[in-house]
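Me: I've got a model open and would like to talk it through. Can you walk me round it?

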Amino acid sequence: MAAERPPQVASPRMSEKPGPPKPIWLKPHGKPWGVSSRQVVYDNPWITLTEYQAIAPTGRPALYGKVGFKNQAIGVVPLHADGTVTLVGQNRFSLANYSWELPEGGAPHGEDPLDGAKRELAEEVGLQAADWRQILRMELSNSVTDEIAYGFLAMELSPTQTAPDETEDLAVARVPFGEALEAAVAGHMPDAITVALLLRTHHMAVRGELPAELAALILE
């Protein structure tokens, strides 16, 4: 049973209505992967690396490694009434680069992703929202990880107290939506969640799934 929504979350909105039925071509084909044995080779509070002796759908044996994530990935599009979005900039460890991106973070498995989204928005950029919509669910790297990401659109924003993680040194920028989208598709903001959620928000504007005033600002 889904967790009860806080009072500020309204009844399902346009983007949460059931979509059309799946096209027939989306049905699975062939045999699934099989597993002969597995061994955990690394474990920390955030990830587990498991090595598998696997059986491929073709019947051939295969060695496989999978990174298991202990949190769900969360991304938020903080869309202001004037058509701007709030972004964060930070130094990322894995690629040793500086990354501008949407507010993002993690939510433990078993926690409602919306609760994680609210927490990350407040902690990273000091915002809260009266209108929340889940707009995307993604598999970020499904060839070698089991990480699932949930994307949210947050509107009717107001300030609240920030509480960044002790390892985070964040810069914050509020920019026109179109400028953020152009930067993302040009490769200046290559973070996958950021690119996907900005494109999805633009798609919603095109399809009439956003308030008309906001859609006009996004599409201008």
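**Confidence first**

Reply: Residues 1-15 have a pLDDT that stays under 50 (pLDDT is the predictor's confidence in each residue, from 0 to 100). For that stretch the model has 23 contacts beyond four places in sequence, a contact being heavy atoms within 4.5 Å. This is a predicted model, in which local features need pLDDT of at least 70 and side-chain atom pairs count only at pLDDT 80 or more, while totals for chains, interfaces and linings use all residues. Residues are numbered from 1 along each chain as its sequence is written, and side-chain values use heavy atoms, with hydrogens and water left out.

Me: What does the protein chain average for pLDDT?

Reply: The average is 91, and 91% of the residues score at least 70.

Me: OK, sheets. What's the order of the one with β1 in it?

Reply: β1-β2-β3, an open sheet with antiparallel pairing. Strands are DSSP runs of E, at least two residues, and helices are runs of H or I, at least four, numbered from the N terminus; two strands pair if DSSP finds at least two bridges between them.

Me: Which strands stand at the edges there?

Reply: β1 (34-43) and β3 (61-69); each has a single partner strand, so one side of each is left without a neighbour in the sheet.

Me: And how many bridges join β2 to β3?

Reply: Nine, with β2 covering residues 47-55. One pair to look at is Tyr52 and its bridge partner in β3, Tyr64.

Me: Which strands make up the sheet with β5?

Reply: That open sheet runs β6-β5-β10, again with antiparallel pairing. Its edge strands are β6 and β10 (171-176), each pairing on one side only. Six bridges join β5 to β10, and Leu87 stands opposite Ala173 in β10.

Me: Which helix packs on that sheet?

Reply: α2 (residues 177-185), touching β5 and β10. Its direction makes about 110° with that of β10, using axes fitted to C-alpha atoms (for helices over the stretch in contact) and angles from 0 to 180 degrees between N-to-C directions.

Me: New topic: what's the volume of the largest pocket?

Reply: About 1500 Å³, the space filled by probe spheres set on grid points joined across faces, edges and corners. On a 1 Å grid over the protein atoms alone, a pocket is an open set of points where a 1.4 Å probe fits, with protein on both sides within 12 Å along at least five of seven lines; lining residues have an atom within 4 Å of a point.

Me: Which lining residues are closest to its centre?

Reply: Of the 31, they're Arg92, Ser94, Glu101, Glu104 and Glu147.
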